[in-house]
Amino acid sequence: MPDDASPPAPRLDEVEIRLTHQERTIEELSRTVAEQWARIDGLTRQVAALSERLREMAERPASAAPEPPPPHY
C-alpha cells in the first residue's frame, strides 16, 4: 500500500486504473449473465413445450388402436 506521504497523482492514477479494470470486469459479467438468462429462457420454453406434449400424450384415450406386434411374432 502506498505511503500516505506519497504524491497524490500516482495514487490517483492507480485508483483510476483499478476502476477501469473493474468496469471492464463488470461489463463482461453483465454480458455473461445476459447470455445465460437468454439460454435459460430458451430452455424454459423448450421444457414447457415438451411438458405440454407429454401431457397431451397422457390424456389420449387408452382405447386408441394399439400398435401391432413386431413382425417376428
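**Salt bridges along a helix**

Biologist: Is Arg-55 buried, partly exposed or exposed?

Modeller: In this predicted model, the relative accessible area of Arg-55 is 38%. Buried means under 20%, exposed over 50%, partly exposed in between (1.4 Å probe, protein chains only). Arg-55 therefore counts as partly exposed.

Biologist: How are residues numbered, and what is counted?

Modeller: Numbering runs from 1 along each chain as its sequence is written. Local features need pLDDT of at least 70 and side-chain atom pairs 80 or more, while totals for chains, interfaces and linings use all residues, and side-chain values use heavy atoms, leaving out hydrogens and water.

Biologist: Which residues join Arg-55 in a network of salt bridges (Lys or Arg side-chain nitrogen within 4 Å of an Asp or Glu carboxyl oxygen)?

Modeller: Arg-55 and Glu-52 lie 3 residues apart in helix α1 (a DSSP run of H or I, at least four residues, numbered from the N terminus). Their side chains meet at 2.3 Å, N to O. Bridges with shared partners make one network, in which Arg-55 is joined by Glu-52 and Glu-59.

Biologist: What separates the closest N and O atoms of Arg-45 and Asp-41?

Modeller: Both residues lie in helix α1, 4 residues apart, about one turn. Arg-45 is exposed at 55%, whereas Asp-41 is partly exposed at 37%. They form a salt bridge, and the closest N and O atoms are apart by 2.3 Å.

Biologist: Which residue pairs with Arg-18?

Modeller: Arg-18 is exposed, at 53%. Its partner sits 4 residues away in helix α1 and is partly exposed at 34%. The closest N and O atoms are 3.3 Å apart in this salt bridge, and the partner is Glu-14.

Note on methods: Helix = DSSP H or I, 4+ residues; strand = E, 2+ residues; numbered from the N terminus.
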